[in-house]
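Here are a few exercises to work through with the model open beside you. Try each task before you read its solution.

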Amino acid sequence: MLVNDAYVRASSKMAKSAAAFMEIKNISSQDDRLLDVESKVAKRVELHTHIKSDDGVMKMRRVEDGFLISGNDTLRLERGGNHIMFMGLAQPFVNGESILITLFFESAGPLDLEIPIKMKERSTIKSHSHSHSHSHSKPHTHSHTHSD
Ligand SMILES: [Cu+2]
């Protein structure tokens, strides 16, 4: 298995839960299955998916039999879709730090991963300032505010 672009996200430092996202590439030609995940950072770690309920709202659901990854295929864990859920966080998640998790595959066995914590931006408005110089003027400082 090859894991790319893995990260875990909590909505705030006070959050009691978090979700991890990544791409898992099956480098074998044989089908495999992500069965379970373990980590010390939370009381419970579960494989989740989103399904649409009868009233049209997307809800998270635990996946009991894991995620199939066909031979040479890639499983994408992404926001609004399949993800790894951490419930009952043992410690606050701090942006820039990382956590250790273990993925358990039916055929490939356990895989230890260190994945970075990327917190949600507090606001979509970011502001920063920087200084620069032009050939025709003295160095000066601007400040910008922009949203993304
Ligand atoms: Cu979830």
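A residue counts as buried if 20 or more other C-beta atoms lie within 10 Å of its own, as exposed if 12 or fewer do, and as partly exposed in between, with C-beta atoms placed from the backbone. This is a predicted model, where local features need pLDDT of at least 70, side-chain atom pairs count only at pLDDT 80 or more, and totals for chains, interfaces and linings use all residues. Residues are numbered from 1 along each chain as its sequence is written.

**Exercise 1. Get the overall picture of the protein chain.**

Start with burial: buried residues make up 17% of the 148 residues in the protein chain. Next, list the elements, where helices (H or I, at least four residues) and strands (E, at least two) are DSSP runs numbered from the N terminus. The tally for the protein chain is zero helices and 12 strands. Finally, check the contacts, meaning pairs of residues whose C-beta atoms, placed from the backbone, lie within 7 Å. Take those between residues at least 6 apart in sequence: 60% of them join residues at least 24 apart.

**Exercise 2. Find the strands that pair with E8 (residues 83–89).**

Two strands pair if DSSP finds at least two bridges between them. Try strand E2 (residues 17–25) to begin with: E2 and E8 run antiparallel, with four bridges. Here alanine 20 sits opposite isoleucine 84 of E8. Then go to strand E4 (residues 42–52), which is also antiparallel to E8, over six bridges. In this pairing, arginine 44 faces methionine 87 of E8.

**Exercise 3. Trace the open sheet that four strands form.**

Write down the order, E6-E3-E9-E10, with antiparallel pairing. Now mark the edges: strand E6 (67–69) and strand E10 (109–116) each pair on one side only. From one strand to the next, the twist averages 35° (axes are lines fitted to C-alpha atoms, for helices over the stretch in contact, and angles run from 0 to 180 degrees between N-to-C directions). To finish, zoom in on strand E3 (residues 32–38), which pairs with E6 in the antiparallel sense over three bridges. Aspartate 32 has isoleucine 69 in E6 as its bridge partner.

**Exercise 4. Look at positive phi values in residues other than glycine.**

Aspartate 5 has a phi near 55°, and this residue lies in strand E1 (residues 2–10). Why does aspartate 5 count as exposed? Because it has 11 C-beta neighbours inside 10 Å.

Move on to asparagine 72, with a phi near 60°. Asparagine 72 belongs to the loop between E6 and strand E7 (74–77). Asparagine 72 counts as exposed because it has 12 C-beta neighbours inside 10 Å.

Technical notes. Contact = placed C-beta atoms within 7 Å.
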